[in-house]
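Thank you all for coming. I would like to walk through one model this morning, beginning with its strands and ending with the empty space inside it, so please have the picture in view as I talk.

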Amino acid sequence: DGRPDQAPDTWIDTPLARVTLAPETHVQLRLAGDTLRVAVEMGQATVAAKVQRPVAAAAGPIVIVRRGERTVVARGGWPSPATDRPENLVRNADFDRPPDAADGWAVVPVAAGIVATPTLKHELTPGGRTALHLRRVDSRKTPADLVLAHDFRDFDLADATWLSVAASVRIDGQSLPGGGDRAEEFPLIITLVVEDIAGDERRWFTGFYSLAPDPAGSEFAGARVVDGRDVEVAAREWVDFDSGNLLDATNRRGFAEMATVPVRLKRLEIKASGHDFDTWVDEVEVRWK
């Protein structure tokens, strides 16, 4: 602006917002489809939306983002409040409405010809929650899987410092103890599918169960769980789960234990597996920063 005592403004124009940088500012921008993400590593940035009237309420048309903070601008909206908390990447994460393709959700087709096809319903619970209900009855001791997947469209994790999974779940019943003979048949399994630097798919998952294995039992004596990975919950009670930062090398559940460095996030899977099962999921989030 011609004043010798002031450094000239530097800005980055995008279709959704203008990002103005203070001197010596390091910033990361991710523009994907209808969403702009702005994260400040050092310094300060001012994010100004390019709309007059947002679709949804937010902090305001202009947000200041400081070191360690981020904001998200959706097309037609204002920037979200600046925060240093991880961002949830799952659309319709609390299942206020039925999961559908517009939010990235899809049911994986169930195998044909099985006994007692499992069902997935979006229901209002007696406690007033809107939740997913995964159920199978009268299985006659035959296995089956039911999977709901959420597509992240190969979300880039190369610069991520945080990745975690949080969920609110409930198990009302299961006929197969623990996770079955291979510790893979749980009434609820939450899985993250990622891609490593070599381009190979890797799967992180946690199984939830309410009926513990009984090694002395006459039936299903081989059913087992994996200590430190799988989670026992009280039957017919809502339980909140948080994996912690899966990128932290000290996290026993994390990717370091798998000797995997994820560089792309591909999808989330909510799965019920085994014989008879009765499972609820009220919310599931994948948090990133």
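In which sense do strand 5 and strand 6 pair, and over how many bridges? They run antiparallel, and 5 bridges join strand 5 to strand 6, which covers residues 62–66. I should say at once that this is a predicted model, and everything I describe is to be taken in that light.

Let me stay with strand 5 for a moment, since it also has a partner in strand 2, residues 17–21, to which it is joined by 5 bridges, again with the two strands running antiparallel. A convenient place to look is Thr46, which stands opposite Thr20 of strand 2 and has Ile64 as its bridge partner in strand 6. Strand 5 itself spans residues 44–49, and its covered face carries Ala45, Val47 and Ala49, whereas Gln44, Thr46 and Ala48 make up the uncovered one. Why do the names on each face skip every other position? Because side chains in a regular strand alternate between the two faces of the sheet.

Stepping back to the whole protein, there are 19 strands and 0 helices. The C-alpha atoms fill a box of roughly 85 × 40 × 30 Å along the principal axes, and of the 289 residues, 41% are buried. If we take the contacts between residues at least 6 apart in sequence, 65% of them join residues at least 24 apart. The protein exposes about 14,900 Å², of which carbon and sulfur atoms supply 49%.

Next, a second region of strands. Here 6 strands form an open sheet with mixed pairing, in the order 9-12-18-14-15-16. Its edge strands, each of which pairs on one side only, are strand 9 (105–108) and strand 16 (231–232). Strand 9 pairs with strand 12, residues 144–156, in the antiparallel sense over 4 bridges, and within that pair Val108 stands opposite Val147.

Strand 12 brings me to the pockets and cavities. The largest pocket has a volume of about 1,200 Å³, and among its 40 lining residues, Thr35, Arg37, Val72, Glu87 and Asn88 lie nearest its centre. Which strand gives the most to this lining? That is strand 12, with 6 residues, while strand 3, strand 4, strand 7, strand 8 and strand 19 are also among those that each supply at least two. By class, the lining of the largest pocket holds 17 nonpolar, 8 polar and 15 charged residues.

As for enclosed space, the structure holds 2 cavities of 30 Å³ or more. The largest cavity contains about 40 Å³ of space, and its lining consists of Gln28, Leu29, Arg30, Arg37, Val38, Ala39, Arg70 and Trp288. Strand 3 (26–32) and strand 4 (35–42) each supply at least two residues of that lining, which by class comprises 4 nonpolar, 1 polar and 3 charged residues. Arg37 therefore deserves a second look, as a name that appears in the lining of the largest cavity and also among the residues nearest the centre of the largest pocket.The second largest cavity holds about 30 Å³ of space, with a lining that includes Gln174, Leu176, Phe186, Pro187, His275 and Phe277. That lining divides into 4 nonpolar, 5 polar and 2 charged residues.

Notes: Residues are numbered from 1 along each chain as its sequence is written. This is a predicted model: local features need pLDDT of at least 70, side-chain atom pairs count only at pLDDT 80 or more; totals for chains, interfaces and linings use all residues. Side-chain values use heavy atoms; hydrogens and water are left out. Buried means under 20% relative accessible area, exposed over 50%, partly exposed in between (1.4 Å probe, protein chains only). Two strands pair if DSSP finds at least two bridges between them. On a 1 Å grid over the protein atoms alone, a cavity is a set of points where a 1.4 Å probe fits but cannot get out, and a pocket is an open set with protein on both sides within 12 Å along at least five of seven lines; lining residues have an atom within 4 Å of a point. Grid points are joined across faces, edges and corners, and a volume is the space filled by probe spheres set on the points. Ala, Val, Leu, Ile, Met, Phe, Trp, Tyr, Cys and Pro count as nonpolar, Asp, Glu, Lys and Arg as charged, and the others, Gly among them, as polar. Contact means heavy atoms within 4.5 Å. Accessible areas come from the Shrake-Rupley method with a 1.4 Å probe; for residues, only the protein chains shown count as cover.
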